[in-house]
Amino acid sequence: MSDPIIRVTDLAFPRFSAPDLDAMEKFLVEFGMHRAARTDDALYMRGTDGQHHLHVTHRGEPGFLGFAFHAASAADLRTLAAATGGKVEALDEPGGGEVVRLADPDGRSIDVVHGIATLPPLPVRGHEPLNTGAARVRVGALQRVAAGPSQVKRCGHAAIKTGDPPRLWEWYRRHLGMLVSDDFFLEGPEKPIGRFARCDKGAAPADHHTLLLVEMGEAKLGHVAWEVADFDDLMLGHDRLAQAGARHYWGVGRHILGGQIFDYWKDPLGFTVEHWTDGDLLDASVEAKTFPIFEAGGSQWGPLPPPDLDF
Ligand SMILES: [Fe+2]
């Protein structure tokens with residue numbers, strides 16, 4: 001197996017297209033994002049971290065366009081361009097930066113980016129520490145959480161469906177340096193139908209999954225997920241989205257593989273978008289494992305998956 005060309009450090013943002021940027025912005029504000037920039041043709045939304053944007057909507061027919069991943073360095077962009085016959089281009093949009101534009105074997109547009117401007121982080125509403133049965137640390141301080149949208153921190157992971165998982169996997173392994181966290185199977189462990197993959201950050205912790213690849217017979221977006229401040233914050237955001245009339249899809253629960261507390265919603269385009277918090281972190285030394293599908297689609301607690309669950 002050849003070495004990866006580079007090792008990306010994280011998912012940066014998805015690109016969608018929508019005819020009505022106002023409707024997208026209205027939903028994304030309720031979802032817990034803030035406008036970073038808006039042009040005649042595109043909307044750039046940020047979270048509380050310093051990243052300039054973590055969701056982009058281009059004006060156009062409703063659709064999913066692709067993803068951007070963070071390269072570790074400008075030098076990595078040059079390495080990637082040289083190895084793929086591509087070029088390093090200036091990103092002609094708010095935040096600037098540089099990009100190598102690729103397409104995965106299913107035809108998704110994959111931007112590998114570096115040097116996008118950062119913004120001052122936004123203040124995060126916190127709350128008093130939690131008392132547990134084992135540690136009653138909050139004494140005399142009253143627990144009061146402020147209502148409002150969730151506080152989206154960063155773009156965390158995406159699930160993509162494909163007709164050819166081995167081919168797609170080899171592309172992400174080779175071009176972006178992804179590592180296998182867990183495979184899952186329907187019939188037997190020798191025939192996996194899905195793979196949770198994480199970024200290779202060496203000894204530094206990485207989210208259990210940055211990408212989930214699922215064999216579904218067609219190339220399609222599954223969902224995109226953003227990390228929020230904490231559990232209370234996720235629940236406050238749940239209430240806010242429900243009050244705003246957003247369409248709830250699945251949750252609140254705690255996943256088995258990845259361990260996150262999750263809450264899934266539908267955006268105005270009908271795509272599945274997720275809030276999550278408290279996910280498992282692994283360094284690059286952790287070996288891949290294989291599980292039956294119910295551990296991938298099931299929960300440690302929370303409601304059963306919707307009948308039409310498509311990850
Ligand atoms: Fe997810």
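Which residues in α2 are buried? In α2, the buried residues are Asp76, Leu77, Leu80 and Ala81, where buried stands for 20 or more other C-beta atoms within 10 Å of the residue's own, exposed for 12 or fewer, and partly exposed for what lies in between, with C-beta atoms placed from the backbone.

This is a predicted model, in which local features need pLDDT of at least 70 and side-chain atom pairs count only at pLDDT 80 or more, while totals for chains, interfaces and linings use all residues. Residues are numbered from 1 along each chain as its sequence is written.

**The chain as a whole**

The chain has 5 helices and 20 strands, both taken as DSSP runs numbered from the N terminus (helices H or I, at least four residues; strands E, at least two). Its radius of gyration is 19 Å, close to the 19 Å that the globule rule gives for 311 residues, so the chain is as compact as a globular protein of that length; the radius is taken over C-alpha atoms, and the rule is 2.2 Å times the number of residues to the power 0.38. The C-alpha trace spans about 60 × 50 × 35 Å along its principal axes, and 39% of the 311 residues count as buried. Among contacts with a separation of 6 or more, 65% come from residues 24 or more positions apart, a contact being two residues whose C-beta atoms, placed from the backbone, lie within 7 Å.

**The sheet of 8 strands**

An open sheet of 8 strands, with mixed pairing, follows the order β2-β3-β4-β1-β5-β8-β7-β6; two strands pair if DSSP finds at least two bridges between them. At the edges stand β2 (34-38) and β6 (88-90), each with a single partner strand, so one side of each is left without a neighbour in the sheet. The twist averages 30° from one strand to the next.

Strands β2 and β3 are joined by a hairpin through 3 residues, and Arg38 has Leu43 of β3 as its bridge partner. On to β4, Ala42 has His58 as its bridge partner. Strand β3 is mostly covered, with 4 of its 5 residues buried.

Helix α2 (residues 74-84) lies across β6, β7 (98-103) and β8 (109-114), running at about 35° to β7; axes here are lines fitted to C-alpha atoms, for helices over the stretch in contact, and angles run from 0 to 180 degrees between N-to-C directions. The cover over the buried residues of α2 includes β6, β7 and β8. The helix is followed by Gly85, whose phi is positive, near 70°.

**The sheet of 10 strands**

A further open sheet, of 10 strands and also with mixed pairing, has the order β19-β10-β11-β13-β9-β14-β17-β16-β15-β20. Its edge strands are β19 (289-292) and β20 (299-301), each of which pairs on one side only, and neighbouring strands are turned by 25° against each other on average, direction ignored. Asp182 stands opposite Phe196 in β11.

Helix α3 (residues 165-176) lies across β9 (152-162), β11 and β13 (211-215), running at about 160° to β13. Helix α4 (residues 231-243) packs on the sheet, touching β14 (220-228), β15 (247-255), β16 (261-266) and β17 (272-277), and its direction makes about 20° with that of β16.

The antiparallel pairs from the two sheets are set out below.

| Strand pair | Sense | Bridges |
|---|---|---|
| β2 and β3 (residues 42-46) | antiparallel | 4 bridges |
| β3 and β4 (residues 55-59) | antiparallel | 4 bridges |
| β10 (residues 179-185) and β11 | antiparallel | 6 bridges |

**Core and individual residues**

The largest nonpolar core has 66 residues, of which Phe69, Val112, Leu211 and Leu213 touch the most other members; such a core is a set of buried Ala, Val, Leu, Ile, Met, Phe, Trp, Tyr and Cys residues joined through C-beta atoms within 7 Å. Leaving aside residues up to four places away in sequence, Phe69 touches Val8, Asp10, Leu11, Ala12, Ile110, Val112 and Leu176.

Val224 is found in strand β14 and counts as buried because it has 24 C-beta neighbours inside 10 Å. With residues up to four places away in sequence not counted, Val224 touches Pro14, Ala158 and Val273. Its C-alpha atom is separated by 11 Å from that of Phe64, 160 residues apart along the chain.

Ala203 is found in the loop between β11 (192-198) and β12 (206-207), and with 7 C-beta neighbours inside 10 Å it counts as exposed. The C-alpha atoms of Ala203 and Gly50, 153 residues apart along the chain, are separated by 24 Å.
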